Amino acid sequence: MRALRSFHQWMFGYGSPVTLGAFRIIFASLTFVNLAMVAIDFDAWYTENGFVPIELLHRWNGGMPRFGLLDHVTNPHVTAVFYGLTMLAALLTAVGLFTRVSSIALLVGIISIHHRNPDILHSGDTLVRAMLVYIAVAPSGASCSLDRLIGLWRGTAPKELEPVSLWPQRMMQLQIAIVYFTTVWQKSFGDLWLNGTATHYVLHLKEFDRFPIPGFADHQPMVAITTYGTLLIELAMGTLVFSKPLRKWVLIGGLLLHGGIEYRFNIPMFAFIICSCYITFYEGDEVAGWFARLGERFKKYRLKVAAPAALKEGPELALEAADPLHLVNYTRGAGDDWVVEQEQSGAKVSTFAVLKRSMGLWPLVVFPPAWGRMLSSSTERQEAAVSAD
């Protein structure tokens, strides 16, 4: 019973949402990049003039019902608009704007696009669909999101991050562990993996060739080392990764494994997609600690900012939350202007330097005028308050 209670607490307990937010940014960004890469050959993959017209798709499905909003769409312009909206949903999910709606829209869009042409998918695409389900149902916008910054600015979000239920993050962890464990399980039924020769044949899959390998990697004993090493890493990723003392070393092994695969084989985005999921094995407080320690490495770039005396509390909290590296130290000044200077030298710099150091505000880089408007609005008194005076 003690073990059952411990598992229940681990599975359904509460904790920091920082990991969920960081993973949402990484994974949605990779999804956008993946869509952009495939869009280069959009006509070939998703139109009636391409390799898989609708009639062929229905024959391929063999009458099996599949969810997809493009299953009966033959107009290429409609498909292109849908594809573009899905890419937009990926961007909105990455920056955390209207996170719940945009993540659900991204999930529906990806499923529909994948089911429109299953022939070009690989296992990484299957993992994309699974992880987007968890992102959509999780409180993914509770941290590292524009939704939170806007909520702080308006005074509708809590000042401190509130604990959230971590079961979606646990499902992500279990999903990755199952992927690796079942891979080892299926390989155990083959003679080549058990006799230590499998990677020799894998290395000669010419249709996936990318970069050459040194000659010794294709001969014993290196073939046996890479064969059994692959099994060992995959088994550890399915089991030992849940042990906190061993977690870092197991994940490093996974990174080395997929780094080698990425170097040798042209399997678009596969290594990036699966390795991005490794962050889910860390708690939110640990991820926040990474950013704090990383900020220490760049402490020579820290700024001191004397904000206007009229700065409202909401904007102040939002600006502080947008700086996970803690490179900007905000204080209340006595004047009406922003005074920004290097912490070490005391040399004055522009307020744009604050934007460059505040990762949470980087989406504003695409529209610089918004930065000045945001700073000016942070000291404007609300009309109701003015009327009351």
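**Close-up views of the predicted chain**

**View 1. A loop residue with a positive phi, Phe98.** Let us start in the loop that joins helix H5 (76-95) to helix H6 (99-116), where Phe98 is found. The model shown here and in every other view is a predicted one. Most residues other than glycine have a negative phi. Phe98 is not glycine, yet its phi is positive, near 50°. Is Phe98 buried or exposed? Its relative accessibility is 54%, and because exposed means over 50%, Phe98 counts as exposed.

**View 2. The whole chain, for orientation.** Before we zoom in again, here is the setting: the chain has 19 helices and five strands. Measured out along the principal axes, its C-alpha trace spans about 80 × 55 × 50 Å. Of the 389 residues in the chain, 43% are buried. Contacts often reach far along the sequence: among those between residues at least 6 apart, 75% join residues at least 24 apart.

**View 3. The largest nonpolar core around Met131.** In soluble globular proteins, nonpolar side chains tend to be buried together. Here the largest nonpolar core holds 49 residues. Which of its members touch the most other members? They are Phe23, Phe27, Met131, Leu132, Ile176 and Met237. Take Met131 as a guide: apart from neighbours within four places in sequence, Met131 is in contact with Phe23, Phe27, Met172, Gln175, Ile176 and Cys277. A second core of 21 residues is separate, and its members include Ala307, Leu311, Trp338 and Met374.

**View 4. Ile26 on helix H2.** Helix H2 (residues 18-39) carries Ile26. With 35% relative accessibility, Ile26 counts as partly exposed. Leaving aside neighbours within four places in sequence, the contacts of Ile26 are with Ser276 and Ile279. Phe272 also belongs in this view: 246 residues separate Ile26 from Phe272 along the chain, while 9.7 Å separates their C-alpha atoms.

**View 5. Helices H8 and H16 side by side.** Helix H8 (residues 146-154) packs on helix H16 (residues 313-321) at an angle of about 155°, and the two axes are 6 Å apart. Angles over 145 degrees count as roughly antiparallel, so H8 and H16 are roughly antiparallel to each other. Which residues meet where these helices pack? From H8 come Leu149, Leu152 and Trp153, and from H16 come Gly314, Pro315, Leu317, Ala318 and Ala321. Sorted by class, this contact has seven nonpolar residues, one polar residue and no charged ones.

**View 6. From His326 into a three-stranded sheet.** The loop between H16 and S4 contains His326. Although His326 is not a glycine, its phi is positive, about 55°. Strand S4 belongs to an open sheet of three strands in the order S4-S3-S5, with mixed pairing. Strand S4 (328-332) and strand S5 (339-342) are the edge strands, each pairing on one side only. From one strand to the next, the twist averages 20°. Strand S3 (residues 303-307) pairs with S5 in the antiparallel sense, over four bridges. Look for Ala306, which stands opposite Val339 in S5.

**View 7. A cis peptide bond before Pro221.** Most peptide bonds are trans. The bond from Gln220 to Pro221 is cis, with omega near 5°. Where is Pro221 found? Pro221 is in the loop between helix H11 (198-202) and helix H12 (222-238).

Methods:
Residues are numbered from 1 along each chain as its sequence is written. This is a predicted model: local features need pLDDT of at least 70, side-chain atom pairs count only at pLDDT 80 or more; totals for chains, interfaces and linings use all residues. Side-chain values use heavy atoms; hydrogens and water are left out. A nonpolar core is a set of buried Ala, Val, Leu, Ile, Met, Phe, Trp, Tyr and Cys residues joined through side-chain atoms within 4.5 Å. Buried means under 20% relative accessible area, exposed over 50%, partly exposed in between (1.4 Å probe, protein chains only). Contact means heavy atoms within 4.5 Å. Two strands pair if DSSP finds at least two bridges between them. Helices (H or I, at least four residues) and strands (E, at least two) are DSSP runs, numbered from the N terminus. Axes are lines fitted to C-alpha atoms, for helices over the stretch in contact, and angles run from 0 to 180 degrees between N-to-C directions. Angles under 35 degrees count as roughly parallel, over 145 as roughly antiparallel, 65 to 115 as roughly perpendicular and the rest as oblique. Ala, Val, Leu, Ile, Met, Phe, Trp, Tyr, Cys and Pro count as nonpolar, Asp, Glu, Lys and Arg as charged, and the others, Gly among them, as polar.
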